[in-house]
Structures are given as C-alpha cells and as structure tokens.
Amino acid sequence: MPPSYFTQIVYSLKRRSVCTDAVSADVQPFHCQNQTKPKSISNMHLLVFITFFLKLKFCVPSDISNSVVDNLATNGLPFPWSKVRLPSYIVPVHYHLLIHPNLTTLTFNGSVKIEIDVKNNTNWVVLHSKNLKIFTATVLDEGEAHLSDKVLPVLEYPPHEQIAIFSPKILTSGEKYFLYLEFGAALSEGFYGFYKSTYRTKGGETRVLASTHFEPTSARMALPCFDEPIFKANYSVRIRRGPSHISLSNMPLEKTVEIENGLFEDHFEASVRMSSYLLAFVVCDFKSVSGITGTGITVSIYSVPEKWHQTHYALEAALRLLEFYEQYFNILYPLPKLDLIAIPDFQSGAMENWGLTTYRETSLLYNPDISSASDKLWVTMVIGHELAHQWFGNLVTMEWWNDIWLNEGFARYMEFVSVEAVYPELKVEDNFLDTCFGAIGRDSLNSSRPISSVAENPTQIKEMFDTVSYDKGACILHMLRNFLTDEGFQSGIIRYLRRFRYSNARNEDLWDSLINTCSEEDFTSGKHCYSSAQATKNAYSFAGEHIDLKQMMYTWTLQKGIPLVTVKRQGRKLYIGQERFLKIVQPNDPLWDSLQSGFLWHIPLTYKTSHSDHEIKHILETKSDVLTMEEDVLWVKLNIDMNGYYIVHYEDDGWNVLTELLRVNHTALSFKDRANLIHNAFQLVTAGRLSLDKALDLIGYLKSETHNVPLLQGLGYLQAFYKLIEKRNIVDVTRNLKTYILQYFRDVIDRQSWSDDGMVSDRRLREEVLSLACDLGFQPCLEKAKQLYDGWVESNATISLPTDVSETVYMIGAQDDSGWAYLQEKYSISMCETEKRKFLSALANSKDSEKLSRLLELGLDGTVIKTQDLPSLIYMVARNPVGHFLAWDFVKKHWNELVDKFPLGSFGIRSIIAGTVTQFSSTEELNEVEDFFRSIAEQVSQLRITQVATENVEKNILWLTRNLETMRSWLQKSLN
C-alpha cells in the first residue's frame, strides 16, 4: 500500500455548532449566521459514552463488534468496523452536494447531505473519507430535525479510508435519515480525487483548473461518501466558482445564482442513479463546440481556449458513435447531454463519468496538420470506448471490482464494433488481432490472473485495470460473438442491459442473459430462442452439439491462462489435444505437472482445410479428441481468422506444410490467418515448443505479402529480437540481423513514400516501416529524414511535415546537439500535446546519456515535462540502448518520489516497473531486479506487476539461451 493509504491523519473532534438552516432541503453553505448552538457535552464525557456503547455492543451489528480491540481510530478509540468493504445495513439514496474550489489557495470546501436508508438498527454510520477534514457531522430524521442535541463525533480509520459517525439515538431499521457533513481539503496534487491541473497559454501565463477522477476508489477524496459500486444513488450538485470560470458536472446546468463576494453558484439537475466513481465536476475557463444527435442529445467538446480548433473531429466522432450505440443497444442514451473534456493533466487515457467524460488531451484533440493516421484512429477508438461505457459500466455496473472486466472488456470490444461500423475507412479490424496478441503475452505467464479475480483494497483494485480485464476480456467476447453469431450476441447483451439497468451485475448475470436471448412473450422456435425447459439447461447448439454456455464461459473467466491446442494430422483423422500454454516452463520441467493440473477449457474450435469452402466447428471440452474429416486434405488451419482465444501447435510436419502453403499461395489463407500463424509460431519458439529456424522460414514468404497486418507482425518480431540482442551487445548477430532485415525487406521499404497519401492501412505501414529503417541506420532513410528535418528547421517550423513520418524525422534531427536543443525549445512552446509527444519521443532517442539524464530530471520536476508524461518518458529512455540502465537507476534512486506521484497499483507505477524491468535479459540483471523488489517488499508485496516483470526477464533469458545460436547460424546461412 502506498504511504497515502496508511497516513494517519488525526482530525480534531471540534464542538462546532450546526445551524438548523444549514440542513434544509437546499443545503446551505458552510457558515450560517444567527446560529443556534445545540447543547453539547464535553469530549471526555462523549468518549466515555461511545466506549460504553462499544463495550455493550449495543445496537451494533455482529460484524462491527469484533473489531473493537483490533482497529483503533486516530483518537485511540476502537473503530466500530473491521472490514475494508462497508457494511450493507446503511444505503445512500440521494446526495445533495455543494462544492467550492478556491483556485488561488488550491483548496476546496464542501457540504453534503446524504439521504440514507437504514436496513438494521444501529448507532453507527460508516462511510468513506480520505484526506478530508470533517468540520461538522450530524444526523437528521425524515423531517430533517436533529436526532441529538449533542455534537456528533467522527472516528477516523485511515488504513481503510473510513470514518464512523456515532448517533446516541438508535437509527431504526426501515426509517429514512439524512447525514449532513461539512468538510474541506487541499486540491490533490496527483491525478485522483478532486485535483489541480494547470496549462500554459501562448503568452506563457499558467492557469489553474480543478477536475475530478474518482475511479476506482477516489470519490472519498472529494466528499465523504459510500464509495463502492453497489451503492448507487442520485446526486444533486452545486458548484461555487468565480466569474471568469465555468463549472461542469454530470447533468445539465439548471440555474446559476449570484452570491456574496462576487461568486456564482451553479445548480445542476439531479442525476440518474449511479455509482460514486462516476460522479464528476470540473471548474475551468475552457471553450467548447457543440452539436445535437438525431435523438436530441447535446454533445459538447471542451478544451483549453487556445486548443479549441482541435476539438472539431472529436465532436463529429462523438455524435456519430453515440447515435450508433443508441441503435445497437436499442436503449436511448439516458441523459440530456454528454460532455467530453480534455484535461491538461490526466494519468490514464480517459474516464467515462456519466455525462461528463474526461480525457487526456492526446486522446481527444486532433489537429489534421500535426496528427497522423494512427493519432486519428486512437482518438476515435478512445471516444468509442468511453461512449460504450455509458451503457456498459454506467447504466449497468459490476457489483464489485473483481468483475471490472464487465465494464472494461465490453468497452474495449465495443471500440472495435462501433468504429468498424461508423468509420470503416479506418480499418480498425486490422488492430484487433494486436489486442489479442497483447493479452496472450500476459496470459501465457504464470503470473497472469483470471479475468474475474479477488480484489479488496484500493491497490489491488487499481491493478485490476490491466490487459487481462481490457484485452483478454475483449477477445473472449469476440470469441463468444462468433460462437453465438452477431445477432445472438447483440440480442443477449441488450437483454443484459435492460435487465440490470440502473443496477449492478455479476459475471454469471451476463451468461444468464446471453442464454435467455428471448423472453417468453417473444419466444420463437428460431436459432437463438429456446423454450423455458431448454433455457434452464443453458443449452446452445454449436456444430450440432448442445453446449452449456455458462459452464463454457466460466472456463474462460474463472481460471487464468490460455489454452494451447495441439493438432496432429494422420490421414483423415485430426488428433487434437489441449494444455495450458506457458512460455517459461516446458514439459520436462519438474513444475510442469503442477502448473497444468486442473486446467481445462471448453474451446469453440474452428478450422478449414485445403478442400473446404467454409469453416468447420467443434467444441473441445476434454483433454483430447479425434476428429474425422470427410476426405484427404493437403493442409488444415485451426482458429479461423483468430476468432478464438487459443494458440495452435501443428505437430509432426504440420508447420512445414503451412510454411510451404504460404510460400506457394499465401492468399489461400486470409490476412488474419496469416498473421495468426506468424504470431503462434513465434510464441511457440519462446515457449521452446518450435525451433526458431522453422518460424523464420515461415515468414520467408513476406516478400510477397501485400497486407500490412501480417507484414507488420513478422517485422515486429524481427525488430523485437534485434532490440533484445542489441542490448546484450552481441555484435555479430546484431549486425547480421540488421543486414538481413534491410536486405530482405528492401522492396517494402523502397515502396514507402514520405507523404500522407493512401488509405489508413497504407499510412500506418509507412509510419512503422520507415521508423524501423531509420532506426536500423538505412542510409537512404537517414538522408531523406535529415533533409526534411533541415527544411523544417530552416522554415522555423512553419512548414508542415508529413504527419505519418514526422516522428521519424524528429528522431533523426535529435541526434546532434543543435537539433536536440531546437526540439527541446519547440517542445516547451508547442500547443499540441500530440506534437509534444513526438518531440519527447525524439528527444529520448538521443545517444547522449547526459541529455537523457536531463530529460528524466525534467520529468521528475514536472514543470517543463508534465508529471503525467513521466511514466512514458521513463519507458522511452529505457528502450533506448544508451538509456537502458540509466532509466533503471533513475527508478531505483527516485522510487519513493515516483510512488508519491503514482500510487501503487496505478497505471503509472505499473508502466514504470514494466517499462524498465522487461528490457533486461541476463541473470545478473534478474538478480538485481529481484534484490530491488525485496528491498521495497513492504510496498510492492501486493503488486502483481512485480511478478509479471520478473517473469518477463526470465522469459528473455530463456529466449536467448534457447535461440541465440540458432539465430546466429540461420542468419549466416541466409546471408550467404
């Protein structure tokens, strides 16, 4: 746990007065005139009173009483609740929130009146609060009269981020009460809670705004609340601000009232029922552009005023994607408006707050003169992701964070579904395989986890936002969609959304909804609707086989890992088997049996042969099976278009046959199948199941490849091997591999123009290939890039470089002192974050270690290079051979400062660990990494990322041990 979770903040139990007017229906602000003080008792008497109640366990639920001895509040009294999760006997119904950020003092004050329902008799209200100073706490009855004339104490227990309010009068089950609190705090310096953000104008002025980011457990940093997804409630928000600012929240502005001291108070409409992590508010001076959907929803894009011209593409995309989702889900977007706002300081890519989605600037703003085709695709995908959340996550929310994949896996998958439908020219389907390849990279390590995993405390919960929840979640949904057909999948998720709207759901609720795709009144004897008797059996028909869908999907969500399907062809028979695919443990390893034990998947297999004109289906529910084909065939390919989430190993001469097929007639397989074969082959090499020379022979056909997906897949592996071997300083293999890539792919390189011409897929290929060619020192590439860079500098950066190659041009320009200094200057004044990211990438590509050290220090300082960009900067430096150890030493030296900026479990700290550690590939480096992790064990013992990072180093070591000599001899043979 990070220090902030364990910090013991001792709040004083002030005997403050509570004014009756301050808790009326319209919650009044923090200080009332003509206050009438209730009778009070001394703190000593009050403490004795509380202790007496605790000892008697009077009206305290059984779960509370056992904590009396173990958990002490900050004032030394027993805290009346022992669990990390809140008790369920008090349920919030409606929050009336008033918040006033002071952008000069960088503090905020607030008051909240929470309508609560009491389920069991109790004297205690336990809720969340973190780093807040509670000034006043009182409980009111349904008529809003004070339950007690005594000052109510607030006990605080920082390890669980909880406070408890004691009522001398019993809160009775079935009654409605109001909890009223006044509070204050400093605006957070990080990226969670109610935090400070800044931006610089063209004139150099620094301006301040305040924004929120609550997911997963940070609403408690902005207001005392029941900060768990199950506690859905309505929110009525009022925000105080100065005349030069605007305020935004989830709902439309209802009215603005001018109050004392030249301030304004914005009143927003009451929200729909939602979880606390979706509450949002921003106070800023931004400008916006707006449009209206066909169903009357006002969509607005907000940004820093001087970046307003970069908002127009986002508006177009948001309007079109929102309309798509309304049609696809057959449920109208339930709010009157949707705002998308680019926040200058933002750790993740975006956040789906209902009606007020927040974004990193690079995820929302698009400048056609600077942004590349890849940048445009990224913006479109992120908007598609956050808009999908308005249904998956907001309308229907997971019951607890163990099932966060129900939010994130669906939103990640719907990115592809929506963008493919709305913007087919972006060829988003080309990217989906990479999503699954990334998931497999994590899932093939023993340190992986099930999609649905235990997560209790904030650190564990933050770490759930990973490639397993997002990417593996999306890939198994894609597999399921292909299993059910598009129509069956769509009707099932509509049923799921309708059944659980404004409520919470669990993993099994999704499968139940997909099983019963038709209600009784809609029953037809069609392909996807079954009688109630059949429905209770959870039966689906697949290739003529009846399948228990729920049990099938449990094998994908409740156990970790990915299956390896082995296939051996003998005559007309296919002998297939399944096992758990592991990269760093082989069958002859003593650990093999224990790591394989208990793993079994229900795999919806698909395959095609040299003689089939359609895919053939089979469910593999056992460790092995035998399939009989109708005729003799020349070849067989499993996992058609990689619609399934599994690796395939073609035993005996299976890989040789497919290698020959690609050489002779690669178009006999789809581009997805070709990319899938390349990926599977090299994954099997890493796992020690296939020799490297066989995989390298397989990609020999790429000279004839015209589709960018398999081409980039093959090139990507060669580049990864080059980087790994280069860092080990193995000179002869590094030189020969570079020569091979440049010779063998010379035609592909020469076909690329230094322009923005062509389709999106052509432009993405150009971006990757020219970057690789220059990185490998290909002289024509270096000369052209330097020519473009010099012309750009001579124009004082007034001419526009081709956007798809601009980053490559900057990287070459940054190699000398004057070029590096010029880019650093341009970085400091650029008004486009996408451009700044390219500048930073180029600066971090320098071969001068002193310059790299300077960059890292600037990142740590956070003034010139924003703190939000520090994790990516560390990774950029770490992937540079010159900066490899520099970045690692920087992380070790500044570890505590980094944890202060990026909480344990957060995306930022995970990126820093993975970005540096996974570059290593020697036993000495592994020992050093393990020693460092042991030295900070108290902090990182709960973190799964340290295991993932360590296992990746072990994987790199094994790869070199198994494959270096094969690579050396294969290259010598190929080049001769």
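Two strands pair if DSSP finds at least two bridges between them. Strands (E, at least two residues) and helices (H or I, at least four) are DSSP runs, numbered from the N terminus. The model on screen is predicted: local features need pLDDT of at least 70, side-chain atom pairs count only at pLDDT 80 or more, and totals for chains, interfaces and linings use all residues. Residues are numbered from 1 along each chain as its sequence is written, and side-chain values use heavy atoms, with hydrogens and water left out.

**Stop 1: a three-strand sheet**

Select E3 (122–128) and E6 (162–171). The two run antiparallel and are joined by 6 bridges. Pick threonine 122: its bridge partner in E6 is leucine 171. Now add E5 (154–157). The result is an open sheet of 3 strands in the order E3-E6-E5, with antiparallel pairing. E3 and E5 are the edge strands, each pairing on one side only. Neighbouring strands here are turned by 25° against each other on average, direction ignored. For that angle, axes are lines fitted to C-alpha atoms; for helices the fit covers the stretch in contact, and angles run from 0 to 180 degrees between N-to-C directions.

**Stop 2: E11 and E14**

Move to E11 (residues 246–249), which pairs with E14 in the antiparallel sense over 4 bridges. Serine 249 stands opposite phenylalanine 281 of E14. Then show the side chains of E14 (residues 281–284). Phe281 and Val283 lie on one side, Val282 and Cys284 on the other, and all are buried. Buried means under 20% relative accessible area, exposed over 50%, partly exposed in between (1.4 Å probe, protein chains only).

**Stop 3: aromatic pairs**

Rings of Phe, Tyr and Trp (its six-membered ring) pair if their centres lie within 6.5 Å; planes under 30 degrees apart count as stacked, over 60 as edge-to-face and the rest as tilted. By this rule the count is 53 aromatic pairs. Select phenylalanine 329 and phenylalanine 392, an edge-to-face pair at 5.5 Å centre to centre with 70° between the planes. Phenylalanine 329 sits in helix H4 (residues 312–329) and phenylalanine 392 in the loop between H5 (373–389) and E20 (396–398), so the pair ties together parts 63 residues apart in sequence. Both phenylalanines are buried.

Next take tyrosine 717 and phenylalanine 721, a tilted pair: 6.2 Å centre to centre, 40° between the planes. They are 4 residues apart in helix H18, separated by about one helical turn. Tyrosine 717 is buried at 13% relative accessible area. Phenylalanine 721 is buried too, at 7%.

**Stop 4: H16 against H18**

Keep H18 (residues 708–727) and add H16 (residues 671–686): their axes come within 7 Å and cross at roughly 20°. That makes H16 roughly parallel to H18 (under 35 degrees; over 145 is roughly antiparallel, 65 to 115 roughly perpendicular, the rest oblique). Contact means heavy atoms within 4.5 Å. Residues making it include Phe671, Ile678 and Phe682 of H16 and Val709, Tyr717 and Phe721 of H18.

**Stop 5: E24 and its two partners**

E24 (residues 563–570) pairs with E25 (residues 573–580) in the antiparallel sense over 8 bridges. Proline 563 has arginine 580 as its bridge partner in E25. In the hairpin, with 2 residues between the strands, glycine 571 takes a positive phi near 65°. E24 also pairs with E30 (residues 647–650), in the parallel sense over 4 bridges. There, leucine 564 is partnered by isoleucine 647.

**Stop 6: H23**

Finish at H23 (residues 806–813), where 8 of 8 residues are buried. To see what covers them, show helices including H21 (760–775), H22 (779–794) and H24 (817–829).
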